[in-house]
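Thanks for coming, everyone. I'll take you through a new structure today. Take a look at it first.

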Amino acid sequence: MSMASIIVALVAFVLGALLALLTIPVLVWLERRTAGLVQDRLGPNRTNIFGFRLGGVVQSFADVVKLLIKEEYYPSHIKMGKLIFMIAPIITFVAALLAFMVIPFADTLVIDGEALRMQPLPVEYGVFWYLAIGAVGVIGVIFGGWLSHNKYSLLGAMRATSMVVSYELPLGLAIISFIVTYNTVDFNAMVAWQSSTFFGFLPSWGILVQPLASIILIIALFAETNRNPFTVAEGESEIVAGFMTEYSAMKFAMYFMAEYVAMNTASAVIITMIFGGYQLPYVSTEMLIDNFSSFAYVLILIIPAFVYWMIMFMRKNNAVRPSVSTDSGRIFETKVISIFLVVLAVVVDAILLYLILSPNALATQIAVTMIQVIIFVIKLMAFNMFFILIRWTLPRFRYDQVQTLGWKYLLPLSLFNLFVTAIVVVGVNS
Amino acid sequence: MSHNIITTPRYGNSFKDKLYLPAIYEGCKVTFKHFFTNLNDSNTVDTLEYPEEQPRDITSRYRGLHRLTHRPDDTIACVACFMCATACPSDCIFIEATERDDNKDEKMPKSFKIDTLECIFCGYCVEACPCDAIRMDTGIFSLTGNSREDFVLNKEQLLSNKGAFGEEISCARD
């Protein structure tokens with residue numbers, strides 16, 4: 001174990017924890033603001049700390065404080081299994097969190113001939129880990145639903161379980177077709193496979209190579225994460241809040257956060273498997289390292305343009321209508337954030353310029369890794385937005401429709417797709 | 001009778017409908033359009049930012065908080081006839097009458113209380129008043145307080161409320 005490997009492992013771990021945990025408040029806020037904007041409302045935009053509202057993200061932290069200082073309430077009819085009743089949401093949360101830990105955030109870093117993986121858990125069987133741990137989450141749901149001693153909770157838990165069972169099959173079969181195509185179970189190798197091109201001009205992303213399996217994967221992951229249109233497990237018009245009915249305060253928040261972590265994990269798996277992970281289309285890591293200076297020049301131009309656009313956006317939207325007498329410090333906030341963004345852009349541009357003028361192999365590699373992490377985060381947030389927008393677009397499926405879709409359509413389709421994939425792969429390789 | 005039979009078209013049986021993905025695409029087009037229009041310029045969102053922005057659509061017929069009107073010489077218009085208290089369906093008007101010694105009328109209220117927590121803002125008191133002494137044209141739609149007692153308005157508070165639509169003094173007493 002060299003110093004570099006320890007540092008890289010630590011950085012990857014911190015990055016993974018941050019990406020999984022810090023995105024929860026952001027995702028909750030994104031969900032509420034997006035719902036507002038889709039429905040021609042504004043959403044939460046008032047909570048602030050010293051006038052800083054950051055578009056309303058502060059609301060999520062206020063919610064956390066509220067949930068933490070709420071009374072811990074245990075229904076008195078729960079006689080046995082109080083401990084497991086308490087642990088159940090934690091199981092769901094931890095399972096969702098652990099499943100995220102095998103996603104590569106950047107390509108393998110090679111320092112002094114030592115390959116260091118940018119995964120919080122540097123394993124080479126990431127897909128299996130994800131499938132194994134991702135399915136554990138439903139055990140927490142079963143425990144919670146069963147121990148609540150409540151018919152709605154039990155029904156909700158039953159629905160969640162049967163849905164996971166029926167969608168795990170098409171999900172697994174779709175993933176097996178990807179494994180057959182990419183010839184690996186390593187997420188990082190999958191991304192490396194996708195950075196080439198096929199037919200000479202298309203990026204060989206999973207969505208283009210395996211369109212059917214990609215659609216099945218996306219649908220099955222929507223079902224796995226209990227997101228709309230598959231929220232039958234907590235259909236409030238039928239079974240109150242499903243397995244969460246008897247939960248309150250932080251125990252409820254655990255389930256709630258687990259849902260968002262699961263959504264984040266699903267987005268990460270989708271972009272890693274079928275949208276080229278941390279790569280830009282057509283650009284492999286070697287290409288990025290070899291032509292770093294030209295990429296850096298492009299970045300030097302893009303960053304000020306982005307900051308300019310951001311400042312213009314804030315000036316237009318972080319303001320109140322002329323009819324309102326007080327703006328509650330919005331103009332001041334815009335000014336401070338603008339100065340911060342400009343300083344940040346100048347610093348980043350200076351660093352990039354320094355890297356161009358005095359090329360250094362190690363520094364270039366680290367810069368490429370950082371660029372890849374940023375691309376990964378942008379893609380992750382974009383796909384989370386897709387999850388959220390789908391939620392506010394589609395109504396909830398009826399329970400029997402969910403099962404019909406899973407067993408009668410997705411399962412045969414994924415089997416068929418696997419069959420065709422196997423034939424094509426054998427045909428191409430022989 | 002066969003010409004009267006209307007066949008309702010049934011949807012959902014064509015291959016395109018069963019595929020479901022085109023419908024999702026159509027739905028996403030609508031929500032994405034709303035989302036990006038509103039994201040690009042939040043001023044297009046027609047939301048009233050309430051505490052800072054006050055509603056602009058309160059008409060003169062809006063039944064707001066009550067007030068007691070004045071005569072042209074600024075004395076109280078009410079003659080304590082108890083008509084409003086009798087008409088009140090929720091029994092929230094409490095009047096104590098006293099003799100009036102300024103030779104304008106015989107009676108006036110010594111105390112006139114309205115419990116706004118009981119009040120249902122039906123406007124029957126305004127209908128019942130023969131002297132145009134009680135009105136609900138203040139345009140006030142939110143009353144705040146820290147205790148239940150704060151919501152029982154007395155004579156002075158009711159007299160100090162101003163009409164929001166121009167008519168200040170009682171029309172029946174001149």
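One term before we start: two residues are in contact if their C-beta atoms, placed from the backbone, lie within 7 Å. Keep in mind too that this is a predicted model.

Now, how many residues does each chain bring to the contact? Chain A puts in 18 residues, and chain B puts in 18 residues. On the chain A side, helix 2 and helix 14, residues 292-317, each supply at least two residues. Helix 2 of chain A gives the most, with three residues. Sorted by class, the side of chain A that touches chain B has eight nonpolar, six polar and four charged residues.

Let's step back to chain A as a whole. Chain A has 17 helices and four strands. Its radius of gyration is 23 Å, and the globule rule gives 22 Å for 430 residues, so chain A is as compact as a globular protein of that length. Along the principal axes, its C-alpha trace spans about 75 × 70 × 45 Å. Of the 430 residues in chain A, 42% are buried. Take the contacts in chain A with a separation of 6 or more: 78% of them are between residues 24 or more positions apart.

Next, helix 1 of chain A. This helix covers residues 3-21. Does its length add up, and what should it span? At 1.5 Å a residue, its 19 residues should span 27 Å. The end C-alpha atoms are 27 Å apart, so the two agree.

Which residues of this helix are buried? They are A:V8, A:A12, A:G16, A:L19 and A:A20. These residues cover an arc of only 95 degrees around the axis, which puts them on the same side of helix 1 of chain A. Here is the background: an α-helix has 3.6 residues a turn, so residues three or four places apart point the same way.

What do those buried residues pack against? In chain A, their partners are helix 2 (23-38), helix 4 (82-100), strand 1 (109-111), strand 2 (114-116) and helix 12 (249-274). The face turned away from the buried side carries exposed residues: A:M3, A:I6, A:I7, A:L10, A:V14 and A:L18.

Two more stops in chain A. A:I87 sits in helix 4. A:I87 counts as partly exposed, because 18 other C-beta atoms lie within 10 Å. A:G144 is 57 residues from A:I87 in sequence, yet their C-alpha atoms are 8.6 Å apart in space.

Then A:H149. This residue is in the loop between helix 6 (137-147) and helix 7 (151-182) of chain A. A:H149 has a positive phi of about 55 degrees, although it is not a glycine. With 16 other C-beta atoms within 10 Å, A:H149 is partly exposed.

On to chain B. Chain B has five helices and five strands. Along the sequence, they follow the pattern α-α-β-α-β-β-α-β-β-α. A compact globule of 174 residues would have a radius of gyration near 16 Å, but chain B has 28 Å. Its C-alpha atoms fill a box of roughly 90 × 55 × 35 Å along the principal axes. Of its 174 residues, 19% count as buried. Among contacts in chain B between residues at least 6 apart in sequence, 73% join residues at least 24 apart.

Where do the domains of chain B fall? The domain assignment gives domain 1 as 10-47 and domain 2 as 67-160. The C-alpha centres of these two domains of chain B lie 54 Å apart.

Look at B:L68, in strand 1, residues 67-68, of chain B. Is B:L68 buried or exposed? B:L68 is buried, because 23 other C-beta atoms lie within 10 Å, and the cut-off for buried is 20 or more. Beyond its neighbours within four places in sequence, B:L68 is in contact with B:I76, B:C78, B:F112, B:A133, B:I134, B:K155, B:L158 and B:L159. B:N161 is 93 residues from B:L68 along the chain, and their C-alpha atoms are separated by 7.6 Å.

Last stop, B:N103. This one is in the loop between strand 2 (93-99) and strand 3 (107-115) of chain B. B:N103 has a positive phi of about 60 degrees, and it is not a glycine. With 6 other C-beta atoms within 10 Å, B:N103 is exposed.

That's the tour. Thank you.

Key:
Residues are numbered from 1 along each chain as its sequence is written. Chains are lettered from A and ligands numbered from 1 in the order in which they are written. This is a predicted model: local features need pLDDT of at least 70, side-chain atom pairs count only at pLDDT 80 or more; totals for chains, interfaces and linings use all residues. The radius of gyration is taken over C-alpha atoms; the globule rule is 2.2 Å times the number of residues to the power 0.38. A residue is buried if 20 or more other C-beta atoms lie within 10 Å of its own, exposed if 12 or fewer, and partly exposed in between; C-beta atoms are placed from the backbone. The expected span of a helix is 1.5 Å times one less than its number of residues. The arc is that of the directions from the helix axis to the C-beta atoms. Ala, Val, Leu, Ile, Met, Phe, Trp, Tyr, Cys and Pro count as nonpolar, Asp, Glu, Lys and Arg as charged, and the others, Gly among them, as polar. Domain bounds come from an automatic or database domain assignment.
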